[in-house]
Amino acid sequence: MTILECIKVVLAENRQGLTAKDIHALIVERNLYSFGAEHPVSVVNSYIRRRCLGLDFPTSYPEKIFEIVGYEGKKPKYALLGDKAKQQPDVNVGKKETADRLPEERITEAWEKHISALKTDITEQILRNTPSFFERLVVDLLLKMGYGYDNDSGFVTGQSHDGGIDGIIYQDNLGLDRIYIQAKRYAPGNKVSRSILQAFVGAMEDVQKGVFITTSQFTSEAISYATKQQQKQIKLIDGSLLAELLVKFEIGLSTVQTLKIYRIDSDYYGE
């Protein structure tokens, strides 16, 4: 019998839920499995959490078998998925801090905090720079996202009388299909209004595709105006989405360190 099968047997007989420590104790008491690991409770906990509903991290399995039905102090109590706990469900399930979290869960949480802080830093760096820097940045981003026929098919207009067009990307060699770009480096709280968006649409003339990018946000009227456009295709990118895209496509970022997180190949080991 495998460790996973032992856990399922124990929980099938204890539908009110048990901690990883209690599950291990019952497995040993019933002589279901002989653990050779130095920390067998951690092994049991690992098997459960990687297959537990609501716990998604790099090494978790897509198939969920267990669920958290409550807590004993700070220790989560696990049950077979679908079983109804005899006690009242804990409204804070999934929110409590617990020392039972696996290392990769902590890594995932730390990574998410890192990315969140990075997005904030990116926005601050943009606001410190010049408007011309921002214009170049958004063109670089769209090219990296796959718009344009090559890496040199986009450019900043660099003209004060550009009619509200800060950048242009050519989708084909002949320039028959173009994307116009407007970039507004606004401070947080200074939202892009409908009138500014209307001016951009007017400046597009015969060009059908436009991207309006800002470090702030759009008013609800501006969003509604862009959504209801029938003659033009307008995509709005606010500060939050901009930071997310800059991280995703690694614009202005360099890799400091790469970590590999592993999971046992259940097919190889016949788990």
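Start at the largest pocket of this predicted model: by class, its lining has eleven nonpolar, six polar and one charged residues. Select Trp111, His114, Ile115, Thr255 and Gln257, which lie nearest the pocket's centre among the 18 residues that line it. The space in there comes to about 670 Å³. Now colour helix 4, residues 103-128; with seven residues, helix 4 gives the most to the lining of this pocket.

Keep helix 4 on screen and go looking for the enclosed space. The structure holds one cavity of 30 Å³ or more, and about 30 Å³ of space lies in it. To see its walls, select Ile122, Thr123, Ile126, Thr215, Gly239, Leu242, Ala243 and Leu246. Helix 4 and helix 8 are the elements that give two or more residues to this lining, and helix 8 has the largest share, with four. Sorted by class, you get five nonpolar, three polar and no charged residues around the cavity.

Next stop: helix 5, residues 131-144. Put a distance between its end C-alpha atoms and you should read 20 Å, which agrees with the 20 Å expected for 14 residues at 1.5 Å a residue. Which residues of helix 5 are buried? Show Phe134, Glu135, Leu137, Val138, Val139, Leu141, Leu142 and Leu143 as sticks; those are the buried ones. Then bring up what they pack against: helix 4 again, helix 8 (239-248), and strands 3 (154-156), 4 (167-170), 5 (178-184) and 6 (209-214).

Finish by stepping off the end of helix 5 to Gly146, which follows the helix and has a positive phi, near 110°.

Key. Residues are numbered from 1 along each chain as its sequence is written. This is a predicted model: local features need pLDDT of at least 70, side-chain atom pairs count only at pLDDT 80 or more; totals for chains, interfaces and linings use all residues. Side-chain values use heavy atoms; hydrogens and water are left out. On a 1 Å grid over the protein atoms alone, a cavity is a set of points where a 1.4 Å probe fits but cannot get out, and a pocket is an open set with protein on both sides within 12 Å along at least five of seven lines; lining residues have an atom within 4 Å of a point. Grid points are joined across faces, edges and corners, and a volume is the space filled by probe spheres set on the points. Ala, Val, Leu, Ile, Met, Phe, Trp, Tyr, Cys and Pro count as nonpolar, Asp, Glu, Lys and Arg as charged, and the others, Gly among them, as polar. The expected span of a helix is 1.5 Å times one less than its number of residues. Buried means under 20% relative accessible area, exposed over 50%, partly exposed in between (1.4 Å probe, protein chains only). Contact means heavy atoms within 4.5 Å.
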